[in-house]
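These are my notebook entries from a session with a predicted model. I wrote them in the order in which I looked things up.

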Amino acid sequence: MAAHATVIEAPKGFVRKYIFSTDHKVIGIQYLFLAMFSVLVGMTLSVFMRLRLAWPAEKWPALQQLFPEGFAGGPMTPEFYLSMMTMHGTIMVFFVLTTAPLSAFGNYFLPIQIGARDMAFPVLNMLSFWVTLAALLVMMAALFATGGAPIAGWTAYAPLSAIGEVAGPGLGLGQTLWVISIAIFCVASLLTSLNFLATTINLRARGMSLMRMPLTVWAWFTTAILALLAFPVLLAGGILLLLDRVGGTSFFIPGGLVVSDQLIPHQGGSPLLWQHLFWFFGHPEVYIAILPGMGITSHILSTFARKPVFAYKAMVGAIFAIGFISYVVWGHHMFMSGMSPFSSMAFSITTLAVGVPSAIKTFNWLATLWGGKIRFTTPMLFALGFVSLFVTGGITGLLLAQPAIDIFLHDTYFVVAHFHLIMGVAAIFGIFAGIYYWFPKMFGRMMREGPGKVHFWLTLVGVYAIFMPMHFLGIAGAPRRYAELTEFQYLKPLESLQLFITVAAFLTIAGQFIFLFNFFVSLFRGKRAGVNPWESTSLEWIIPSPPPHDNFGETEPVVHHGPYEYSPPGEPKDYIMQTEPARQTA
Amino acid sequence: MATTVAPRSGKREDGANGSRNGGDRRGGNGGSGGLPQRPQTHRLGMLLALAGIAMLFIALTSAYVVRQGLGGDWTPMAMPRILLWNTAILLASSFTVEKARRALLARTEGEALRWLLLTLALGVAFLGGQLAAWRTLSARGLFLDTSPHSSFFYVLSGVHGVHVAGGLLALAFPIWSVWSAAPGVASFAGSAGLPAQVRRARWVEAAALYWHFMDGLWIYLLVLLFARS
Ligand code: HEM
Ligand SMILES: [Cu+2]
């Protein structure tokens, strides 16, 4: 019986170590920086939007210098506004909210938390990252494409997205690049998710039974299932859309369409077909963005409340229920598409049903906190913020899920408020919580708590100040995706609200620089982190910070405990590591 | 802080006797729990990939059905006869790839390489045949944008063809790795310690799974596209 010494040699040389690395930890950090770059771009684009909405007629000579076409004649053109909106949504949804929670944290911590040395397919993992980067580069090209960036929104509704330049600037080359980038992104996400699934199924350490996996792992696992089955559908739609644009086909373009006084030479296609394909992907996608945040929140709440997660099994069940139901609700984005009232009813019921597992999760979080010895660290604050935002954003979902109400609120700022609170900001809070919590493990140094807390309060108050008023705008009937709302007489009384939102947005954005500063200063100057600074129980906290190339070195971890054994009765310490040997019961 | 660790045993990673564990560590004897039997990593990965690919074609099928039901502009076209030949070629290649896979399991690598080469040749012939089918159609005046039926034919056969081309690369890789005496990449967990032969056998096993799937998928597409005409 030949015993191979299978210690994985650490690669030598800068390029193999940090650039073309197959180490899941390096890849995780690469994804994290990709997402941080993307979020900065996305944020900048939102500044343009808010400028236009708060001061519709204002001229910006400096910006005109930079973007002569976007500011032709002085004020920002509506087309430029729409392209900013489209690119903001696209970059945020795909390159931030899909990439950071799943690919960045999942890559870094899923293998460690289950006691594996790396992903099941390390080379494929490296490829996934580079393919994602390629998608990002193509998307950046779309941003700067001649003719302008696309203006069809992140949902790229046909026929607007399908008929090309006649429908507006940016719908030529820009939109084509957009579709190509999204198709590439789909492929990358598929590779990532299959790797996550194979890793979780096959590479768990001895004793790491399913019911001993941290809820973070369960969340990434479920998210990966969603991604594996949802992204191919978007890919299919993308292929057909691309062919409608460049191949002369009519999958999504109806006959007799006249745009800009030109008859579009297509016939027989169905714009609704695109909507179905898109939302069949789109709704699971919103859960792809939020589920990892739920896992991180459960993990952190338990750690800093020094209590086991309340009803662990119900939490696992709820994650799966949410994942499953998310496949049968897509029609709630299409109540206004002329679907039959019976279908509306069906989609309404399935959508409202999501509220049940969501409520289970929320109440379990509260029960986890109940009576705990809570430590208000920065990651804990962000996890609490996540719960708050999840509730605020989720409740409006229940309103929108009822066709009679949605007919009024659809495509208004009310929807914008709903999805920003729950998808945008809650998921971002999950990301922040993850960064503050795992920074010591990833980089071997602590982030500063003081600036962290200031960052938290500024951001929490800021995002509520931005998005709460949007509910009122929506109820008052302000439509979304308009560069300018001054023409609506009935919205005149609410104009100051737009100004308020813009100011709040700028202050919140300014607050993010505290985070960036804290992040980069701590990277080099932070206090050295020990092995387990938070006194957590999961496997990443038994190895050095940062972990060595093969995570567990010469040894293999053996798991004896569930992930959340905090404050066990009759113990000297208030936590039991997952790898601590089970005590012999006499 | 007391933590237990077990010494690494090489036994588990040892594939020299053709065992069926692809770097999969069995849970079970440390703490309690863990699945007693886990699927082999390379097969599991391929099955997951196929699930994704299946979703792609399910989505395209749903688009096909919806678009067909929509309107008066659906003019069905006749099937080019050459597709039957192509199908026969693809079926034959499924047979040869199976031979290669079995030969590798039986540790007769030389024989396996011959079967693999034959599979490659058949695969290339299939793709050539598909191109020929496209040319017959365009000679008949049926292009990508002629009618929804022709559009879907080009899309479905094209997307399938791209996947087949990918499969050809995957099948060519072990041949190249033998000829160039390259050790073959450590492409999945636990494969680093395995001899090159075992790694190649597993690679081909996964590739063969993929290839059979492409075969079945093509027959499904033929039925979808032409069963009623
Ligand atoms: C109980 C839970 C939820 C319910 C009942 C719900 C319901 C809805 C409904 C009915 C709409 C369509 C509104 C319209 O366009 O007229 C909608 C939009 C949206 N929801 Fe939710 N939702 C829930 C949770 C979530 C979560 C967890 C996320 C993301 C993490 C999310 C993200 C979105 C997004 C992004 C949109 C708008 C997409 C767009 O049109 O651009 N929702 N939601
Ligand atoms: Cu939805």
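The entries below go from the metal site to the salt bridges and then to the backbone.

**Entry 1: the iron atom**

I began with ligand 1 and asked which protein atom serves as donor to its iron atom. The only one is NE2 of A:H418, at 2.1 Å, and I located A:H418 in helix 13 of chain A, which covers residues 413-443. I then looked up how far apart the iron atom of ligand 1 and the copper ion (ligand 2) are, and noted 4.5 Å.

**Entry 2: the shell around ligand 1**

Next I listed the residues around ligand 1, of which there are 20, with A:W154, A:D406, A:H410, A:H418 and A:R480 coming nearest. By class I noted 12 nonpolar, 6 polar and 2 charged residues in this shell.

Which element of the chain gives the largest share of the shell around ligand 1? It is helix 13 of chain A, with 5 residues; helix 8 (271-305), helix 11 (378-400) and helix 13 of chain A each supply at least two.

I also went through polar atom pairs between side chains and ligand 1. A polar side-chain atom of A:D406 lies 2.5 Å from an oxygen atom of the ligand, and for A:H410 I noted 2.6 Å between an N or O atom of its side chain and an oxygen atom of ligand 1. For A:H418, which I had already met as the iron donor, an N or O atom of the side chain is 2.9 Å from a nitrogen atom of ligand 1.

**Entry 3: a salt bridge in chain A**

I turned to salt bridges, keeping in mind that side chains of opposite charge can pair when their charged atoms come close. Over all chains, a search of the whole structure finds 16.

In chain A I picked the pair A:D550 and A:R117, whose side chains meet in a salt bridge at 3.9 Å, N to O. Where in the chain do the two partners, A:D550 and A:R117, lie? I placed A:D550 in the loop between helix 15 (495-525) and strand 3 (555-557), and A:R117 in the loop between helix 4 (78-113) and helix 5 (122-143), so that the pair links distant parts of the chain, 433 residues apart. I checked accessibility as well, and both A:D550 and A:R117 are buried.

**Entry 4: a salt-bridge network in chain B**

In chain B I started from B:E98 and B:R101, whose side chains form a salt bridge at 2.9 Å, N to O. They are separated by about one helical turn, because they stand 3 residues apart in helix 2 (residues 82-105) of chain B.

Is B:E98 buried or exposed? Its relative accessibility is 17%, and therefore it counts as buried, the limit being under 20%; B:R101, with a relative accessible area of 18%, is buried too.

I followed B:R101 further and found a salt bridge with B:E205, the closest N and O atoms being 3.7 Å apart. Since B:R101 belongs to helix 2 and B:E205 to helix 5 (residues 196-226) of chain B, this pair ties together parts that are 104 residues apart in sequence. B:E205 is buried, as is B:R101. I then traced the shared partners, and the salt bridges join B:R43, B:E98, B:R101, B:R102 and B:E205 into one network.

**Entry 5: cis peptide bonds and positive phi**

My last look was at the backbone, with the reminder that most residues other than glycine have a negative phi, and most peptide bonds are trans.

I noted a cis peptide bond between A:A158 and A:P159, with omega about 0°; A:P159 is in the loop between helix 5 and helix 6 (173-202) of chain A. Another cis bond joins A:S545 and A:P546, where omega is about -10°, and A:P546 sits in the loop between helix 15 and strand 3 of chain A.

For phi, I recorded about 55° at A:D411, a positive value although this residue is not a glycine. A:D411 lies in the loop between helix 12 (403-409) and helix 13 of chain A and is partly exposed, with a relative accessible area of 33%. A:E535, also not a glycine, has a positive phi of about 55°. This residue is in the loop between helix 15 and strand 3 of chain A, and at 28% relative accessibility A:E535 counts as partly exposed.

Terms used:
Residues numbered from 1 in each chain as written. Chains lettered and ligands numbered in written order. Predicted model: local features only at pLDDT ≥ 70, side-chain atom pairs only at ≥ 80, totals over all residues. Heavy atoms only, no water. Donors = N, O, S within 2.8 Å, 3.2 Å for Na, K, Ca; no water. Helix = DSSP H or I, 4+ residues; strand = E, 2+ residues; numbered from the N terminus. Salt bridge = Lys/Arg side-chain N within 4 Å of Asp/Glu carboxyl O. Buried < 20%, exposed > 50% of the residue type's maximum accessible area, 1.4 Å probe, protein only. Near = heavy atom within 4 Å. Polar contact = N/O pair within 3.5 Å; in protein donor to acceptor, adjacent residues only side chain to side chain. Nonpolar A, V, L, I, M, F, W, Y, C, P; charged D, E, K, R; others polar.
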